Amino acid sequence: YFLMKNPQLKVLAIEPDIQNYKIAKNNLIFFADRCDLILGAVWSQSGTLAISRGTFRDGQHWATQTLPVSEFDESDEQVRSYTLNELIDVSGFPHIDLLKMDIEGAELQVFRDGDTTALSDVSCCAVECHDQKCLSAFHQSLEPFDFLLRQQGELEIAERR
């Protein structure tokens, strides 16, 4: 939607679920010159994560999680993890207008345990925090920066003052 409405817009998207990745790749084919899609996950550190299906919230396909490989055996699907700072660096964008994040509980690791200094180059965040711990970690990560917080439906919105 945003790519269709804004011809100058560029997007970096990351998706850990291979089925969703393939659908997104197909849906974004006409925007390939303005949208980079990465098969991977956002986490507090780079490495490898396991894909966990059917164990989070209602267990439906939209509640797929990424978790440390050590919690699973070798047969589970795995995906590369990237830090928030790495993704912002990879994007090549000098500034991020909107950082949208819905990562099924991994917000806790990203915002509590990860390096979030790249938020200094972000104008607005729209993050779905899946519990109070995630919400607290997100708020705490924003403290060094000048953001105004509000809630909009399921999203926690942080806008530059």
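Here are three short exercises on this structure, which is a predicted model.

**Exercise 1: Walk across a sheet**

Find the order of the strands in the open sheet, and work out which strands stand at its edges.

*Solution.*

Step 1. Start with the order: 4 strands make up this open sheet, arranged 7-8-10-9, with mixed pairing.

Step 2. Look at the two ends of that order. Strand 7 (96–101) and strand 9 (147–152) each have a single partner strand, so one side of each has no neighbour in the sheet. These two are therefore the edge strands.

Step 3. Check the twist: on average, neighbouring strands here are turned by 15° against each other, direction ignored.

Step 4. Zoom in on one pairing. Strand 8 (residues 122–128) and strand 10 (residues 155–160) run antiparallel and are joined by 5 bridges. Within this pairing, Cys 124 stands opposite Glu 159 of strand 10.

Step 5. Add the helix that packs on the sheet. Helix 5 (residues 132–142) touches strand 8, strand 9 and strand 10, and its direction makes about 5° with that of strand 10.

**Exercise 2: Sort the aromatic pairs**

Describe how the rings of Phe 145 and Phe 147 are arranged, and say whether these residues are buried or exposed.

*Solution.*

Step 1. Begin with the search of the whole structure, which finds 3 aromatic pairs.

Step 2. Take the distance and the angle. The ring centres of Phe 145 and Phe 147 lie 6.5 Å apart, and their planes are at 80°. Planes over 60 degrees apart count as edge-to-face, so this pair is edge-to-face.

Step 3. Turn to the surroundings: Phe 145 and Phe 147 are both buried. Phe 147 also has a charged visitor, as the charged end of Arg 160 sits over its ring, 4.2 Å from the centre.

Step 4. Now try another of the pairs. Tyr 1 and Phe 2 are edge-to-face too, at 5.7 Å centre to centre with 70° between the planes. Both Tyr 1 and Phe 2 are exposed.

**Exercise 3: Look for disulfides**

Decide how many disulfides there are, using Cys 35 and Cys 134 as test cases.

*Solution.*

Step 1. Fix the cut-off: the two sulfur atoms must lie within 2.5 Å.

Step 2. Test Cys 35. The closest cysteine sulfur belongs to Cys 124 and is 18 Å away, which is too far for a bond. Cys 35 is buried, at 9% relative accessible area.

Step 3. Test Cys 134. Its closest cysteine sulfur is that of Cys 129, at 6.1 Å, again too far for a bond. Cys 134 is buried as well, with 1% relative accessibility.

Step 4. Finish with the total: the count comes to 0 disulfides.

How values were computed:
Residues are numbered from 1 along each chain as its sequence is written. This is a predicted model: local features need pLDDT of at least 70, side-chain atom pairs count only at pLDDT 80 or more; totals for chains, interfaces and linings use all residues. Side-chain values use heavy atoms; hydrogens and water are left out. Two strands pair if DSSP finds at least two bridges between them. Axes are lines fitted to C-alpha atoms, for helices over the stretch in contact, and angles run from 0 to 180 degrees between N-to-C directions. Contact means heavy atoms within 4.5 Å. Rings of Phe, Tyr and Trp (its six-membered ring) pair if their centres lie within 6.5 Å; planes under 30 degrees apart count as stacked, over 60 as edge-to-face and the rest as tilted. Buried means under 20% relative accessible area, exposed over 50%, partly exposed in between (1.4 Å probe, protein chains only). A charge sits over a ring if NZ of Lys or CZ of Arg is within 6 Å of the ring centre and within 35 degrees of the ring normal.
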